[in-house]
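Hi,

Here is the model I said I'd pass along. Have a look at it first, and then read on for my notes.

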Amino acid sequence: MWWYARFQFWKKIRRYSNEWKSSWQQMIDIENVKTVILEDADEDYLGLYEVVWSLRSLYPRANDEVLIGAAQEAALVLLELGLIQVLVFQQEKAPSKLNLADAKRILRDMKSWWSAPGAAFKHVLSTADRGVVMQSF
């Protein structure tokens with residue numbers, strides 16, 4: 001009968017392991033994701049896929065769909081608050097800011113967060129005050 005107890009033990013472990021994997025969305029701190037986005041976007045233009053890369057270093061066991069979901073949620077909140085903007089790069093032109101509706105559409109689209117190997121990013125995040133020169137008097 002010891003083998004049956006051992007079987008039941010591993011069965012429970014497997015069940016809890018699957019529940020634990022699916023609960024990553026609940027374990028990712030959205031405030032932390034917002035901080036990552038703001039810090040990285042303030043330094044330079046931030047490709048959407050770069051947000052996922054940064055989150056992967058913080059949550060290495062979470063899958064890409066969960067990381068993208070957390071990034072989408074945080075980016076949409078920051079966009080609504082006016083703390084970030086979404087820019088689009090077009091060939092040989094300066095980046096242009098998207099209006100709020102288009103920016104939300106881009107952020108909600110899962111494909112926007114993936115990067116094709118070797119492809120330059122098209123949509124980037126930037127802090128809303130980019131280009132403002134700070135002066136002291």
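Let me start with a small puzzle: in which helix do D102 and R105 both lie, and how many residues apart are they? Keep in mind that this is a predicted model. The helix is α6, and the two residues sit 3 apart, about one turn of the helix. Residues three or four places apart in an α-helix point the same way, because there are 3.6 residues to a turn. D102 and R105 form a salt bridge, with 4.0 Å between the closest N and O atoms. D102 is partly exposed at 29% relative accessibility, while R105 counts as exposed at 52%.

Now the rest of α6. The helix covers residues 100–108, and its buried residues are A103, K104, I106 and L107. Looking down the axis, those buried residues of α6 fall within an arc of 160°, so they line one face of the helix. The face turned away from that buried side carries A101, R105 and R108, which are exposed. What covers the buried residues? The cover includes two helices, α4 (48–58) and α5 (64–80), as well as β2 (84–88) and β4 (123–127). At the N-terminal end, N99 acts as the cap of α6, with a side-chain oxygen 3.3 Å from the backbone nitrogen of A101.

On to the salt bridges. Side chains of opposite charge can pair when their charged atoms come close. The count for this model is 4, and D102–R105 is one of them. Another is E80 with K104, where the closest N and O atoms are 2.2 Å apart. E80 belongs to α5 and K104 to α6, so this pair ties together parts that are 24 residues apart in sequence. K104 is one of the buried residues of α6, whereas E80 is partly exposed, with a relative accessible area of 48%. R56 also forms a salt bridge, in this case with D64, and the closest N and O atoms there are 2.4 Å apart. R56 counts as partly exposed, at 32% relative accessibility.

Then the strands. β2 and β4 pair in the antiparallel sense over 5 bridges. I84 stands opposite T127 of β4, and the bridge partner of L87 in β4 is V124. How much of β2 is buried? The answer is 5 of its 5 residues, so β2 is largely enclosed by the rest of the structure. I84, V86 and V88 point one way from β2, with Q85 and L87 pointing the other way. That fits the general pattern: in a regular strand the side chains alternate between the two faces of the sheet.

β4 is mostly covered too, with 5 of its 5 residues buried. From β4, H123, L125 and T127 point one way, and V124 and S126 the other.

Two short strands pair with these. β1 (residues 46–47) runs antiparallel to β4 and pairs with it over 2 bridges; there, L46 has L125 as its bridge partner. β3 (residues 96–97) is joined to β2 by 2 bridges, also in the antiparallel sense, and K97 of β3 stands opposite L87.

If you open only one view, I'd pick α6 with its cover, which includes α4, α5, β2 and β4.

Cheers

Terms used
Residues numbered from 1 in each chain as written. Predicted model: local features only at pLDDT ≥ 70, side-chain atom pairs only at ≥ 80, totals over all residues. Heavy atoms only, no water. Buried < 20%, exposed > 50% of the residue type's maximum accessible area, 1.4 Å probe, protein only. Helix = DSSP H or I, 4+ residues; strand = E, 2+ residues; numbered from the N terminus. Arc of directions from axis to C-beta. Contact = heavy atoms within 4.5 Å. Polar contact = N/O pair within 3.5 Å; in protein donor to acceptor, adjacent residues only side chain to side chain. Salt bridge = Lys/Arg side-chain N within 4 Å of Asp/Glu carboxyl O. Pairing = 2+ DSSP bridges.
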